[in-house]
Amino acid sequence: MSRWRADRLGQLPPYLFVEIDRRKRAAIEAGKDVIDLGVGDPDSPTPRFIVDAMAEAIRQPANHKYALGAGKMEFRRAVADFCRRRFGVELDPKTEVLALLGSKEGIGHLPTGVINPGDVVLVPQPGYPVYQSGTVFAGGECHVLPLRAESGWLPVLEDIPENVRRRSRLMYLNYPNNPTAACASLEFFAQAVAFARRYGILLVQDAAYSELYFKQAPPSVLQVEGAKDCCIEMHSLSKTFNMTGWRIAFAVGNAEALAALATVKSNLDSGIFGAVQQAGTVALTHSDHVEVRAQMDVYRRRRDIVVSGLRAAGWTVTEPEATFYVWAGTPQGRNSLEACARILEEQAVVLVPGGGFGPCGEGYVRIALTVAEERMREAVGRIARVRW
Ligand SMILES: *Cc1c(COP(=O)(O)O)cnc(C)c1O
């Protein structure tokens, strides 16, 4: 054991993308024209009206000071207005809205505020790795909720053993889902809320992709009657407004859980840069701005290129209804790491192997729609050239 490395770091989820990262760097160093469809980071800039609001806000000296507390009232009111408009959900901006330095931060810190060592946290797999790391940092124990195609990539709550249910304090859901692009219905959320209430579990729905939809607007878990009793929802401006570098997000829902998270945060960070909060307020207030909605047309065109191109090449692909990912079955159900390694080696296209999200993601690859249409077309053409 290393002198300066805590044992708990050894319990973090293994980083299974190292191999692909290594091969990607090698391909770039070898001078290959690499197309990276691996990263889930929007390629388009933040809409101009938000950048303009930031430019003005940064000149206000009041924003140069510590931004202590749960977030500026104007930001929290904009959040409440957004949730009312978008989901028909009423929130008290004083107690039911908490500003976050990105939802990753909120997800990572939440278990420290709401669980005790040894408590069980229900974590979907394949899924965002931070559900697990936050649990490890808080001394919790992860119980994996397998997501499978035959259940629409939704966890089967009836399969959770009774003794596990009783020890569970926290359960994560993430719809629209990363990496599977699956959506959950309000009926499913209602079942999950009933389950959480029955076992005294705090249900956390990660809604990072709630505004990235092609057809029907995805629901909020807080639309379920009485959900605020045992639920919080994590939202982020990152993917919705191409603001991943800005670090602004929010949690909404159960006031007690939010207060616990706020206590952890007040001991670790000193708030979100006030100018970013002001720009975020403008973004949320104009969430239906043409520049924002036009983004989904961009992703739709790229999605259609990927789905039709891969299908023509014999791949099994479900057309995603939300997110900027395509979750595709590997040819003949091949091992996902092997498939990604071959595509990278032979055609210099980077995809994410589903197996990197845990065994439940095996047999799939994740394709991010975050490169320009022409490059997307080129990438799909290259993938189609691989002979299996
Ligand atoms: C991107 C992402 C987040 C984190 O976004 P932030 O930039 O930290 O707000 C959270 N959950 C999922 C599933 C994501 O893909």
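How far is an oxygen atom of the ligand from an N or O atom in the side chain of Lys239? I looked this up before anything else, keeping in mind that I am working with a predicted model, and I noted a separation of 3.1 Å.

**Entry: contacts of the ligand.** I then went through the other polar side chains and found that Ser238 places a polar side-chain atom 2.6 Å from an oxygen atom of the ligand, while for Tyr209 the corresponding distance, again to an oxygen atom of the ligand, is 2.7 Å. I also looked up how much of the ligand is covered: taken alone it exposes 380 Å², and the protein buries 94% of that area.

**Entry: the shell and the pocket.** I recorded 14 residues around the ligand, of which Asp206, Tyr209, Ser236, Ser238 and Lys239 come nearest. Sorting the shell by class, I wrote down four nonpolar, six polar and four charged residues. When I checked the pockets, I saw that the space taken by the ligand is the largest pocket. I next asked which elements give two or more residues to the shell, and these are helix 4 (103-114) and helix 8 (237-240).

**Entry: aromatic pairs.** My search of the whole structure returned 16 aromatic pairs. I picked out the one formed by Tyr209 and Phe324, whose ring centres are 5.5 Å apart and whose planes stand at 85 degrees, so I entered the pair as edge-to-face. I noted that this pair links distant parts of the chain, 115 residues apart: Tyr209 belongs to the loop between strand 6 (202-206) and strand 7 (231-236), and Phe324 to the loop between strand 9 (316-317) and strand 10 (325-329). Tyr209 therefore appears twice in my notes, once in this edge-to-face pair and once among the residues that come nearest to the ligand.

**Entry: backbone.** Turning to the peptide bonds, I found a cis bond between Gln125 and Pro126, with omega at about 5 degrees, and I placed Pro126 in the loop between strand 3 (120-125) and helix 5 (130-137). I found another cis bond running from Tyr175 to Pro176, where omega is near -5 degrees; Pro176 is in the loop between strand 5 (168-173) and helix 7 (186-199). The loop between strand 5 and helix 7 also holds Ala181, for which I wrote down a phi near 65 degrees, a positive value in a residue other than glycine.

Conventions: Residues are numbered from 1 along each chain as its sequence is written. This is a predicted model: local features need pLDDT of at least 70, side-chain atom pairs count only at pLDDT 80 or more; totals for chains, interfaces and linings use all residues. Side-chain values use heavy atoms; hydrogens and water are left out. A residue is near a molecule or strand if one of its heavy atoms lies within 4 Å of it. A polar contact is a pair of N or O atoms within 3.5 Å; within protein, one must be able to donate a hydrogen and the other to accept it, and residues adjacent in sequence count only if both atoms are side-chain atoms. Accessible areas come from the Shrake-Rupley method with a 1.4 Å probe; for residues, only the protein chains shown count as cover. On a 1 Å grid over the protein atoms alone, a cavity is a set of points where a 1.4 Å probe fits but cannot get out, and a pocket is an open set with protein on both sides within 12 Å along at least five of seven lines; lining residues have an atom within 4 Å of a point. A molecule sits in a cavity or pocket if more than half of its atoms lie within 2 Å of its grid points. Helices (H or I, at least four residues) and strands (E, at least two) are DSSP runs, numbered from the N terminus. Ala, Val, Leu, Ile, Met, Phe, Trp, Tyr, Cys and Pro count as nonpolar, Asp, Glu, Lys and Arg as charged, and the others, Gly among them, as polar. Rings of Phe, Tyr and Trp (its six-membered ring) pair if their centres lie within 6.5 Å; planes under 30 degrees apart count as stacked, over 60 as edge-to-face and the rest as tilted.
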